[in-house]
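Please look through the sequence and the 3D view below before reading on. The paragraphs that follow take one region at a time, and it may help to find each residue in the view as it is named.

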Amino acid sequence: MNQFIKFILPLMIFFSCGKKEQKMQTKAPKKYKVVAVEQRDISYTKSYPTSIRGEVSSEVRAKISGYIDAVYVDEGQEVRKGQKLFHIETASLSEEAQTAKAQVDAAQVEVERLKPLVEKKVISEIQLKTAEAKLAQTKSNLNTIYAQISYATITSPVNGVVGSINFRQGTLVGPSTPSLTEVSDIKNVFAYFSMNEKDFLAFTKNVKGKTMEDRIQNMEAVTLQLADGSDYTHQGKIVTISGSIDQNTGSVSFRAKFPNPEGILRDGSSGRVILKNEMEDALVIPFQSTFEQQGQTLVYRVSETDSLYTKKIESSIKTGKLLVVEGGIKKGDQILAEGVNIVRSGQKIIADATSVEDVLNTYSTQFR
């Protein structure tokens, strides 16, 4: 028994010391690259969802009530101003016109009958004037009916492309009916988009001009990204900016104009407007040095004792592999450059200082 104890005791001491040594080695801080927050002049782009409208979009409505008895065009067809689009049946109006024409003829006969009687002073001039007034009224009624008959042929108000045809042959329509269709001139189109007040101030800050009109003239061309992710061939120009901030959304509205010679863009198309901007002395950090948690963007700030702790940052701009920091950390702060997914808050490290450029080059090499 004593011999067994003499044999097992050294083994227990050996393994115990080994575990302690292993535990101490586990707790030993590891070396990680850290980087200081820098300031740089940068160029970046931001995109905003947009809706496309024709430079001229005109609704086509019925001015009289009746059944559509002819549709002369199809959706997507190019039409000229004055070209026939629809026709509304006018049988009842034609009957009214015949009745009104007969009343005009009768009133005309009455005037002609009274004229010689007035000249001979058989009747007073008042009777003639009354007859002439009645003739004028019947002519006015007849002209109104003729105008209504002319409204039965509905023509295009502008040169353009026919949109959706909402009502077909046999449908009862009238002045209160929603638009029959819409004709849009899409040789040039407008892209409508908006941005929040913060982006608006950043976007207009460095544009030259004493007034907003001057700044609009000096703004660079903008790019349109189509719904399939490709860039539109032609660049556009911002032409208007709303003079007020929407109190409900806190946004400023923009309108950019794009040429559309090939007709690729259609009224109602969607996409994203891409704007270029520049910032002076922007705080930047490598994008790979950040991580997200519960919808927040975080970094590991390195304390004076080389311990890590999480720090929430504010950022809405990413340019290449850099992230522009708008709040949460300041110039010169040391943050963990890499390995954000394998460390934890409170962990002590051996800080290996490096530059932002070295981190970006390392990132390019690893993920080329």
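Phenylalanine 200 is a good place to begin in this predicted model, and with a relative accessibility of 13% this residue counts as buried, because the cut-off for that word is under 20%. Where does the ring of phenylalanine 200 find a partner? The ring of phenylalanine 254 has its centre 6.2 Å from that of phenylalanine 200, and the two planes stand at 65°, so the pair is described as edge-to-face. The two residues belong to distant parts of the chain, since phenylalanine 200 is in helix H4, which covers residues 197–205, while phenylalanine 254 is in strand E12, which covers residues 251–259, and 54 residues separate them. Phenylalanine 254 is buried too, with a relative accessibility of 2%.

The ring of phenylalanine 254 also pairs with that of phenylalanine 203, where the centres are 6.1 Å apart and the planes are at 70°, so this pair is edge-to-face as well. Here again helix H4 is linked to strand E12, for phenylalanine 203 lies in the helix and phenylalanine 254 in the strand, 51 residues apart. Phenylalanine 203 has a relative accessibility of 9% and therefore counts as buried. These three phenylalanines belong to one aromatic cluster, whose members are Tyr48, Phe193, Phe200, Phe203 and Phe254. In the whole structure, a search finds 7 aromatic pairs.

Two members of that cluster, Tyr48 and Phe203, lead on to the empty spaces in the model, as both of them are found in the lining of the largest cavity. Rolling a probe the size of a water molecule over the atoms shows where such empty space is left. The search of the whole structure finds 2 cavities of 30 Å³ or more, and the largest has a volume of about 70 Å³. Its lining is made up of Tyr44, Lys46, Tyr48, Asp199, Ala202, Phe203, Leu275, Lys276 and Asn277, and E2, H4 and E13 are the elements that each give two or more residues to it. Sorted by class, this lining has 5 nonpolar, 1 polar and 3 charged residues.

The second largest cavity has a volume of about 40 Å³ and is lined by Lys33, Ala337, Glu338, Thr354, Asp358, Val359 and Thr362. Helix H6, which runs over residues 356–366, provides the largest share of this lining, namely 3 residues. The classes here are 2 nonpolar, 2 polar and 3 charged residues.

A pocket, unlike a cavity, is open, and the largest pocket in this model has a volume of about 320 Å³. Which residues lie nearest the centre of the largest pocket? They are Val207, Glu220, Lys276, Asn277 and Glu278, out of a lining of 18 residues. Strand E2, residues 38–60, and strand E13, residues 270–286, each supply at least two residues of that lining, and E13 gives the most, with 6 residues. By class, the lining of the largest pocket has 8 nonpolar, 4 polar and 6 charged residues.

The next feature to find in the view is a sheet. In it, 4 strands form an open sheet with antiparallel pairing, in the order E6-E5-E3-E8. Strand E6, residues 153–155, and strand E8, residues 172–173, are at the edges and have a single partner strand each, so that one side of each is left without a neighbour in the sheet. Strand E3, residues 66–71, is joined to E8 by 2 bridges, in which tyrosine 67 has leucine 172 as its partner and glycine 66 has valine 173. Between E3 and strand E5, residues 84–88, there are 3 bridges, and these two strands also run antiparallel; isoleucine 68 stands opposite isoleucine 88 in E5.

Strand E5 begins at residue 84, and the charged end of lysine 84 sits over the ring of tyrosine 72, 4.7 Å from its centre. In a second case, the charged end of lysine 318 sits over the ring of phenylalanine 287, again 4.7 Å from the ring centre.

The last stop is tyrosine 232, which lies in the loop between strand E10, residues 223–226, and strand E11, residues 237–241. Is this tyrosine 232 buried or exposed? With a relative accessible area of 4%, tyrosine 232 is buried. Tyrosine 232 and leucine 265 are 33 residues apart in sequence, and their C-alpha atoms are 9.1 Å apart in space.

Technical notes: Residues are numbered from 1 along each chain as its sequence is written. This is a predicted model: local features need pLDDT of at least 70, side-chain atom pairs count only at pLDDT 80 or more; totals for chains, interfaces and linings use all residues. Side-chain values use heavy atoms; hydrogens and water are left out. On a 1 Å grid over the protein atoms alone, a cavity is a set of points where a 1.4 Å probe fits but cannot get out, and a pocket is an open set with protein on both sides within 12 Å along at least five of seven lines; lining residues have an atom within 4 Å of a point. Grid points are joined across faces, edges and corners, and a volume is the space filled by probe spheres set on the points. Ala, Val, Leu, Ile, Met, Phe, Trp, Tyr, Cys and Pro count as nonpolar, Asp, Glu, Lys and Arg as charged, and the others, Gly among them, as polar. Rings of Phe, Tyr and Trp (its six-membered ring) pair if their centres lie within 6.5 Å; planes under 30 degrees apart count as stacked, over 60 as edge-to-face and the rest as tilted. Buried means under 20% relative accessible area, exposed over 50%, partly exposed in between (1.4 Å probe, protein chains only). A charge sits over a ring if NZ of Lys or CZ of Arg is within 6 Å of the ring centre and within 35 degrees of the ring normal. Two strands pair if DSSP finds at least two bridges between them.
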